[in-house]
Amino acid sequence: MNITLQQAEKAIEAAKQKAVAIDTKMNIAIVDAGANLVAFGRMDGAWLGSLDISIKKAKTARYFDMNTGIVGELSQPGGSLYNIEHSNNGLITFPGGVPIKNDAGDIIGAIGVSGSSVENDHAVAETGALAI
């Protein structure tokens, strides 16, 4: 199962609303179950450098079917995934990437958000993911 464009746009809209509510500007990427980009939104004034980061967060969340912050915890020195961020043409292992599930609990894609603190990135991504 894959996320549809309509669902991806709904997730982006929810994420944008959360970003506005917490007064930040975000880059928001949605990938499908195969980690292919489906939709992208860059809020006016969002950092250009965060564009690629948001896409990589979404891909990382889908590649490993977990929040990117969890991947980050596991990739610390001595961790079971140490240095994994160098695989797959570069991963992002800090918060802001969240898998997206359908009503049955199947992962259909992921959202990646970048443009603020990792706490804000995660909050915005989680809001987008839960909108589906």
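Leu-51 counts as partly exposed, with a relative accessibility of 32%. That value falls in between because buried means under 20% and exposed means over 50%. The model is predicted, and this report looks at a few of its residues and strands in turn.

**A patch on the surface**

Leu-51 sits in helix H2, which covers residues 49-64. Together with Leu-37 and Phe-40, Leu-51 makes a nonpolar surface patch. The area of that patch is about 230 Å².

**Two buried polar residues**

Where is Asp-121 found? Asp-121 belongs to helix H4, residues 118-130. Its relative accessible area is 2%, so Asp-121 is buried. Ser-75 comes from a loop instead, the one between helix H3 (68-74) and strand E3 (97-101). Ser-75 has a relative accessible area of 5%, so it too is buried.

Both side chains have polar partners, listed here.

| Residue | Partner | Distance |
|---|---|---|
| Asp-121 side chain | Lys-57 side chain | 2.9 Å |
| Asp-121 side chain | Gly-115 backbone nitrogen | 3.4 Å |
| Ser-75 side chain | Gly-72 backbone oxygen | 3.1 Å |

Now look beyond the neighbours within four places in sequence. Asp-121 is then in contact with Met-26, Lys-57, Pro-95, Gly-96, Val-113, Ser-114, Gly-115 and Ser-116. Lys-57 and Gly-115 are thus on the contact list, and Lys-57 also makes the polar contact of 2.9 Å with Asp-121.

Which residues does Ser-75 contact, leaving aside its neighbours within four places in sequence? They are Leu-81, Tyr-82, Asn-83, Ile-84, Glu-85 and Thr-93.

**The strand after the loop**

The loop that holds Ser-75 ends at strand E3. How many of the five residues of E3 are buried? Four are, so E3 is largely enclosed by the rest of the structure.

E3 pairs with strand E4, residues 107-114. Five bridges join the two strands, and they run antiparallel. One position shows the pairing: Ile-100 has Gly-109 in E4 as its bridge partner.

E3 and E4 form a hairpin with five residues between the strands. In this hairpin, Gly-105 takes a positive phi near 90°.

**Putting it together**

Three places are worth finding in the structure. Start at the patch of Leu-37, Phe-40 and Leu-51. Go next to buried Asp-121, whose side chain meets that of Lys-57. End at the hairpin of E3 and E4, where Ile-100 is bridged to Gly-109.

Terms used
Residues are numbered from 1 along each chain as its sequence is written. This is a predicted model: local features need pLDDT of at least 70, side-chain atom pairs count only at pLDDT 80 or more; totals for chains, interfaces and linings use all residues. Side-chain values use heavy atoms; hydrogens and water are left out. Buried means under 20% relative accessible area, exposed over 50%, partly exposed in between (1.4 Å probe, protein chains only). A polar contact is a pair of N or O atoms within 3.5 Å; within protein, one must be able to donate a hydrogen and the other to accept it, and residues adjacent in sequence count only if both atoms are side-chain atoms. Contact means heavy atoms within 4.5 Å. Two strands pair if DSSP finds at least two bridges between them. Patches are made of residues with over 30% relative accessible area and no salt bridge: like charges are joined within 9 Å, nonpolar side chains (Val, Leu, Ile, Met, Phe, Trp, Tyr) within 5 Å. Accessible areas come from the Shrake-Rupley method with a 1.4 Å probe; for residues, only the protein chains shown count as cover. A salt bridge is a side-chain nitrogen of Lys or Arg within 4 Å of a carboxyl oxygen of Asp or Glu.
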